[in-house]
Amino acid sequence: MSAPEEAMTGAVAATRSQIDEIIAGRFACRDFSDAPVGRGTIEQILRVARFAPSGANIQPWHVYALAGTVKDTVSVALREAHETARDAHVSEYSYYASDLPEPYLRRRQEFGRLFYGSLGIAQTDLQARSGQTAKNYAFFGAPVGLIVTIDRRLQVGSWLDLGMFVQNVLLAAAGHGLQSCPQETFSKYHRILRPLLSIPAEQMVVCGISIGRARDVAKGRLMPRADIAEFASFAGFEEQSATQMERTRPWEAETS
Ligand SMILES: Cc1cc2nc3c(=O)[nH]c(=O)nc-3n(C[C@H](O)[C@H](O)[C@H](O)COP(=O)(O)O)c2cc1C
């Protein structure tokens, strides 16, 4: 079985409900068709996504939704910067720890192997890798790009809230039969994005999100996930009697 097939099979096997299917069926799409997505659909996605929880309900998200020539202008400017001046640009926040400890280092290495392997790009081929990175700035061909920002005066807890909002956007898009890709790489070019989109100084560019229809939905998820035993521990569940479980939550009794 190929890596994408395995990753998809694992995801499908994990589903028990419609929301499970949407969560496990979402994947980072990096090849969109140019089929348009209307403003009404994006508004509906954001209307639902805003129900993300946030500490004290402060709702710390801000979104610039781009399509048409505005999106194209952004893409051209960022692609040019990527070609000619990429070392002159740096994100206002660190996404990754500079020294990744295990097991994260091993997972990132697996990501690189699977990702570049799927594209037929050797990991040592820096030019081909840079060409792939450039596709980010064209929103991978998607008709809609979102730029997500947060007020820099807020603390790390608000970034947690923002992550929930971003995930809601991805899931709401999936509910409309749309694919998406969250992209931190846009944060690097905040100095270009700021004047183009009139982003106020107090807002920090966190990420982009491409939204559209995958050119080939069958490609699906490429990336596997660690088993729950690798990241979760359980305590006290034995105290609930089997009969009680059977009576109140039969689906859990069945799967445990
Ligand atoms: C906040 C965030 C930022 C990301 N930034 C990028 C990016 O800049 N470019 C990209 O191609 N993928 C990006 N990704 C996608 C991840 O690589 C992808 O989610 C991960 O490999 C797991 O794959 P899956 O989403 O298909 O399950 C990002 C994901 C997240 C959550």
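**Ligand, backbone contacts.** I began at proline 182, where a backbone N or O atom sits 3.1 Å from a nitrogen atom of the ligand. I kept in mind that this is a predicted model. Next I looked at glutamate 184: a polar backbone atom there is 2.8 Å from a nitrogen atom of the ligand. For alanine 28, I found a polar backbone atom 2.8 Å from an oxygen atom of the ligand. Then I checked how much of the ligand is covered: on its own it has 620 Å² of accessible area, and the protein covers 75% of that.

**Ligand, the shell.** Which residues come nearest? I got Ala28, Arg30, Glu184, Arg221 and Arg225, out of 16 residues around the ligand. I sorted the shell by type and noted 8 nonpolar, 3 polar and 5 charged residues. Which element gives the most to this shell? My note says strand β3, residues 179-183, with 3 residues.

**Record and confidence.** I looked up UniProt, and its unreviewed entry puts the feature "domain: Nitroreductase" at residues 23-213. In the model, I found that span to be 46% helix and 15% strand, with its end C-alpha atoms 17 Å apart. For confidence, I wrote down a mean pLDDT of 93 for the chain, with 94% of its residues at 70 or more. Where is confidence lowest? That is helix α11 (residues 250-255), at a mean of 57, while strand β1 (residues 62-66) is highest, at 99.

**Glycine 25.** I found this glycine in helix α2, which runs over residues 18-25. Buried, exposed or in between? I put glycine 25 down as partly exposed, because its relative accessible area is 32%. I also took a distance to valine 48, which is 23 residues away along the chain: the two C-alpha atoms are 19 Å apart.

**Serine 75.** My next stop was helix α4 (residues 68-84), which holds serine 75. Serine 75 counts as buried, since its relative accessibility is 8% and the cut-off is under 20%. What does its side chain meet? I saw a polar atom of the serine 75 side chain 2.8 Å from the backbone oxygen of tyrosine 137.

**Leucine 197.** I located leucine 197 in helix α8, residues 190-197. I marked leucine 197 as buried because its relative accessible area is 11%. Then I compared places along the chain and in space: leucine 197 and tyrosine 64 are 133 residues apart in sequence, with 7.6 Å between their C-alpha atoms.

**Backbone oddities.** I came across a cis peptide bond between glutamate 102 and proline 103, with omega at about 5°. Proline 103 belongs to the loop between α4 and α5 (104-119).

I then noted phenylalanine 139, which is not a glycine and yet has a positive phi of about 50°. I placed phenylalanine 139 in the loop between α6 (126-137) and β2 (144-151). Buried or exposed? Phenylalanine 139 is buried, as its relative accessible area is 0%.

Serine 198 went on my list too, with a positive phi of about 55° although it is not a glycine. I found serine 198 in the loop between α8 and β4 (203-212). I call serine 198 exposed because its relative accessible area is 60%, and exposed starts at over 50%. So my two positive-phi entries end on opposite words: phenylalanine 139 is buried, whereas serine 198 is exposed.

Notes: Residues are numbered from 1 along each chain as its sequence is written. This is a predicted model: local features need pLDDT of at least 70, side-chain atom pairs count only at pLDDT 80 or more; totals for chains, interfaces and linings use all residues. Side-chain values use heavy atoms; hydrogens and water are left out. A residue is near a molecule or strand if one of its heavy atoms lies within 4 Å of it. A polar contact is a pair of N or O atoms within 3.5 Å; within protein, one must be able to donate a hydrogen and the other to accept it, and residues adjacent in sequence count only if both atoms are side-chain atoms. Accessible areas come from the Shrake-Rupley method with a 1.4 Å probe; for residues, only the protein chains shown count as cover. Helices (H or I, at least four residues) and strands (E, at least two) are DSSP runs, numbered from the N terminus. Ala, Val, Leu, Ile, Met, Phe, Trp, Tyr, Cys and Pro count as nonpolar, Asp, Glu, Lys and Arg as charged, and the others, Gly among them, as polar. UniProt positions are given in the numbering used here, feature names are shortened, and annotations may be inferred rather than shown by experiment. pLDDT is the predictor's confidence in each residue, from 0 to 100. Buried means under 20% relative accessible area, exposed over 50%, partly exposed in between (1.4 Å probe, protein chains only).
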